Amino acid sequence: MSATMTIDVSEDKWGLTEEQRMIRQMVRDFAVSVVEPKAAHIDKTQEFPVETFKEMAELGLLGIPIPEQYGGAGLDYICYAITVEEIARVCASTALSLAAHTSLVCLPLSNFGNEAQKQKYLTQVASGKVLGAYGLTEPNAGSDAGGTETRAEKKGDKWILNGSKIFITNANYAQIYVATAKTSKEMGTKGISAFIFERNTPGFSLGPKDEKLGMRGSDWGTLIFEDAEIPEENLLGELGQGFKYFMKTLDSGRISIGALGVGIAQGCLDKALQYAKERKQFGRAISEFQAIQFMLADMAVEIEAARHLVYNAARLRDAGMPYGKEASMAKLFASEVASRAANKAVQIHGGYGYTKDFPVERYLRDAKLCEIGEGTSEIQRMVIARHLLQQ
Amino acid sequence: MNIVVCVKQVPDTAHLRFDSNDQLAQESLENVMNPFCEYAVETAVRLKEAHEGSKLTAITMGPPQAKEVLKRAIAMGADEAFLLSDEAFTGSDAWSTAFILSEAIKKNLPSTDLILLGQFATDGMSGVTGPALAEFLGFPSMTFCKKAELKSDTILEAHRETERGLEIYEITLPGVICIMKCDYEPRIPSIKGVMKANRTEIPVWDAASLGLSADKVGLKGSPTMVAKTWRKPKKEGGIKVDGSDPQAAVSQLIDFLRQQKVM
Ligand SMILES: Cc1cc2nc3c(=O)[nH]c(=O)nc-3n(C[C@H](O)[C@H](O)[C@H](O)COP(=O)(O)OP(=O)(O)OC[C@H]3O[C@@H](n4cnc5c(N)ncnc54)[C@H](O)[C@@H]3O)c2cc1C
């Protein structure tokens with residue numbers, strides 16, 4: 001059945017192709033009928049929505065920008081951004097796990113894996129048969145990902161890994177992982193390599209799971225390597241290139257976090273508009289008060305601007321043009337728009353917005369992640385400035 | 001097994017608004033597949049999947065933009081689709097629509113074994129297009145179905161929901177069944193389905209290609225005509241009786257019923 005939400009998809013106001021608009025409608029139907037009804041529950045319980053991910057696999061949503069020959073849908077990055085956006089509009093947690101799986105696991109396997117690795121691993125994750133997780137962050141290496149302490153030593157035909165990774169999205173539900181480790185003590189970031197490994201890798205285990213502020217329906221956890229044995233053929237791409245690969249991966253990932261922010265912000269506007277029309281004070285709907293109208297107008301303008309930034313970065317990527325700066329701009333702006341929109345949505349809901357009876361407090365907690373994950377807002381500003389100063 | 005599903009594009013009632021003069025606000029008009037047709041497509045796809053080698057064809061009669069619902073049918077699992085569209089078809093009532101559909105099926109889909117339609121369309125709610133189509137084709141038909149299963153190449157078992165309860169019938173094919181809300185929901189198309197829908201050419205059959213003369217179709221070919229449409233007046237809110245004092249409440253109720261001349 002058709003969804004009842006505010007953007008008219010039959011209208012081509014974003015310069016989208018017919019296919020892109022049809023994908024949006026399809027994902028929206030799925031989001032409203034399957035994802036939204038579970039959103040409050042998975043937020044409350046921190047339960048990972050396994051069934052939803054099975055359904056997404058069946059629908060072909062877990063490998064959208066990956067070529068069909070490797071189990072993906074073979075669609076462009078705009079379609080992928082639209083998918084993340086539409087799901088985030090109703091449940092940011094589900095969208096975050098989808099985005100981490102797709103942009104942080106499927107894409108590096110597709111971009112940097114050799115044919116055998118693609119056949120063995122990419123086909124599994126892109127088709128959604130199994131979920132993927134991406135391990136970069138460590139207790140002492142967050143924004144400074146080059147400070148990786150996890151070590152990999154070559155012994156015979158194996159790489160032996162020791163160390164840990166924290167805050168890893170999908171950690172406890174993934175079967176296939178990509179992670180970085182130092183293969184050389186010297187050489188700085190050129191001493192970092194990337195590896196692919198499976199859940200049942202000897203010496204690999206999962207550590208404790210922290211309680212989260214938001215994005216609670218998205219799984220995360222700790223990866224622990226204690227003499228973990230990874231076959232030598234599981235080195236991703238070339239030795240010493242891991243840091244570069246992972247940074248490139250984040251360039252793409254940031255477009256999807258931007259889309260996540262746009263989705264959250266749009267969801268906030270949807271809810272705020274509906275509430276403002278229904279809630280009566282002083283004998284009329286609060287939507288008749290100019291103070292409320294101005295908040296709604298500001299939200300709409302910022303969402304529109306953020307969406308343009310996200311789609312623009314995606315278009316540049318689809319066209320094979322440089323997009324790193326634009327991806328950071330889209331991520332930075334859309335994340336901050338999401339937080340502002342969520343704040344306003346709670347404000348418009350008043351005391352009810354502060355309760356768990358309305359979804360806007362969840363949006364506020366979820367939105368904050370966008371300003372932290374895949375590079376904090378500060379790191380985005382640094383990346384953007386670096387691009388500017390290099391020009 | 002050759003299955004045809006007839007679908008209709010209707011305004012999305014979830015979005016409809018009326019302006020201050022009680023006229024439909026044009027900007028609120030968004031078109032979707034009639035919800036009962038979605039169940040018909042879902043049922044048809046299930047029959048196709050259960051019967052290997054079947055082909056599912058979706059057709060609709062409507063303006064050029066009605067192609068959208070055919071795309072949705074393809075995305076859900078139909079193999080091909082045809083749009084019946086012509087200026088001359090404008091204003092067709094249920095009779096004329098059923099006639100045009102029957103002529104298209106006779107001429108272009110002659111080996112059809114089974115036709116499914118939605119029981120009603122949410123815009124007209126006539127519920128007679130299906131039975132009329134069956135009459136024009138000389139096929140048996142069954143209305144108010146919520147489940148259908150093929151027993152053999154020529155026997156279909158269908159469950160009908162009626163005021164009397166559930167009725168299970170067998171129908172000899174070729175035949176027509178009209179689908180209600182089912183116990184299962186229409187599927188959400190997969191990405192592959194959406195891509196197939198977008199890439200599938202949808203041919204148009206017009207009056208000339210179907211050999212239909214203009215006076216047999218559209219307004220001219222329609223025995224019924226709409227005399228007047230109006231909006232149902234909004235129901236006034238009822239009265240609430242405070243039940244804390246039962247005696248007072250009862251006498252208030254009795255007064256009210258007397259006033260209304262019910263007692
Ligand atoms: C929900 C969630 C999911 C995540 N999923 C993953 C995942 O799947 N895989 C993964 O590898 N990681 C993941 N992360 C980790 C995330 O990428 C890091 O938290 C993030 O990069 C920040 O690192 P940090 O937490 O160590 O903060 P820090 O780097 O310690 O930053 C603390 C503060 O200092 C600021 N700061 C740091 N350096 C500078 C500087 N040079 N100039 C100015 N300010 C600076 C930061 O902006 C921030 O405000 C996830 C995090 C969260 C919250």
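**An open sheet in chain B and a loop residue in chain A**

In chain B of this predicted model, 9 strands make up an open sheet of mixed pairing, ordered β9-β8-β7-β10-β6-β1-β4-β5-β11. β9 (165-172) and β11 (204-205) of chain B each have a single partner strand and stand at the edges, so one side of each lacks a neighbour in the sheet. Here strands (E, at least two residues) and helices (H or I, at least four) are DSSP runs numbered from the N terminus, and two strands pair if DSSP finds at least two bridges between them. Residues are numbered from 1 along each chain as its sequence is written, and chains are lettered from A in the order in which they are written. Local features need pLDDT of at least 70, side-chain atom pairs count only at pLDDT 80 or more, while totals for chains, interfaces and linings use all residues, and side-chain values use heavy atoms, leaving out hydrogens and water.

Within the sheet, β6 (residues 114-118) and β10 (residues 175-179) of chain B run parallel and are joined by 5 bridges; G118(B) has I179(B) as its bridge partner in β10(B).

Two helices lie across strands of chain B. Helix α1 (residues 35-50) of chain B crosses several, including β1 (2-6) and β4 (55-61), and runs at about 150 degrees to β6(B). Helix α3 (residues 94-108) of chain B lies across β1, β4, β5 (80-84), β6 and β11, at about 140 degrees to β4(B). Axes are lines fitted to C-alpha atoms, for helices over the stretch in contact (heavy atoms within 4.5 Å), with angles from 0 to 180 degrees between N-to-C directions.

Turning to chain A, E232(A) sits in the loop between β7 (220-231) and β8 (235-236). Its contacts, beyond residues up to four places away in sequence, are K154(A), G156(A), D157(A), K158(A) and W159(A).
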